[in-house]
Amino acid sequence: MNYYLLFKSLHLIFIVSWMAGLLYLPRIFVYHAEKINEQNISETFKIMERRLMNFIMTPAMILSWIFGILLILANVDSIHESLYLSIKLILVILLTAYHFFLMKCVQNFEKNLNSHSAKFYRFINEIPTIL
């Protein structure tokens, strides 16, 4: 069996899931920040944010990393000293840092400690696209 193709397929599936969450969660933050004073709506957004982060985004990120590392290990001979891989790893590390920033935002919303505006979340929503 060709493990490389299996790892690549799974890696792509989890990357797409992770990226979808990275693009969607800040959009939820925009709406949440706009409706922060409406208790029922705010509680609904908290549930949406927590579930997206805990059940989709974080597992997808972890599995993306696992299958990405397995891809590197399965193809280690041909990617030695690869500039592409080095740049990609730097960008993935930045996306991972962004993921943890969003995780902190979810926690702040959960505790009613959000200090950012809807405009801020509209701006940061573009970070994954750029990376």
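**Note on a predicted helical model**

1. The lining of the largest pocket is mostly a matter of nonpolar side chains, its residues dividing into 17 nonpolar, 5 polar and 2 charged. This description, like those that follow, refers to a predicted model. The pocket itself has a volume of about 600 Å³, and 24 residues line it, among which His11, Leu71, Tyr84, Leu85 and Lys88 lie nearest its centre. Two or more lining residues come from each of helix H1 (3–34), helix H2 (39–74) and H3.

2. As for the overall architecture, the secondary structure of the protein amounts to 5 helices and 0 strands, and, read from the N terminus, the elements follow the order α-α-α-α-α. The C-alpha trace spans about 55 × 30 × 20 Å along its principal axes, and 32% of the 131 residues count as buried.

3. Helix H3, which covers residues 83–110 and includes leucine 83, deserves attention for its surface as well as for its part in the pocket lining. Leu83, Ile87, Ile90, Leu91 and Leu94 form a nonpolar patch on the surface, and together these residues have about 460 Å² of accessible area. Leucine 83 has a relative accessible area of 62%, and it is classed as exposed because this value lies above the 50% cut-off.

4. Which residue of helix H2 is worth checking for burial? Glutamate 49 is found in that helix, and, with a relative accessibility of 1%, glutamate 49 counts as buried because the value is under the 20% limit. Between glutamate 49 and glutamine 107 the separation in sequence is 58 residues, whereas their C-alpha atoms are 9.4 Å apart in space.

5. Where does the backbone call for a second look, and what is the phi value of asparagine 112? Phi of asparagine 112 is near 60 degrees, which is a positive value in a residue other than glycine. Most residues other than glycine have a negative phi. Asparagine 112 belongs to the loop between H3 and helix H4 (118–124), and its relative accessible area of 53% places it among the exposed residues, because exposure is taken to begin over 50%.

6. To draw these points together, the model contrasts an exposed leucine 83 with a buried glutamate 49. Leucine 83 takes part in the nonpolar surface patch and lies in helix H3, while glutamate 49 lies in helix H2; both H2 and H3 are among the elements that give two or more residues to the lining of the largest pocket.

Key:
Residues numbered from 1 in each chain as written. Predicted model: local features only at pLDDT ≥ 70, side-chain atom pairs only at ≥ 80, totals over all residues. Heavy atoms only, no water. Patch = residues over 30% accessible without salt bridge, like charges linked within 9 Å, V, L, I, M, F, W, Y side chains within 5 Å. Areas by Shrake-Rupley, 256 points an atom, 1.4 Å probe, with all protein chains shown as cover. Salt bridge = Lys/Arg side-chain N within 4 Å of Asp/Glu carboxyl O. Helix = DSSP H or I, 4+ residues; strand = E, 2+ residues; numbered from the N terminus. Buried < 20%, exposed > 50% of the residue type's maximum accessible area, 1.4 Å probe, protein only. 1 Å grid on protein atoms, 1.4 Å probe; cavity = no way out; pocket = protein on both sides within 12 Å on 5 of 7 lines; lining within 4 Å. Points joined across faces, edges and corners; volume = space filled by probe spheres on them. Nonpolar A, V, L, I, M, F, W, Y, C, P; charged D, E, K, R; others polar.
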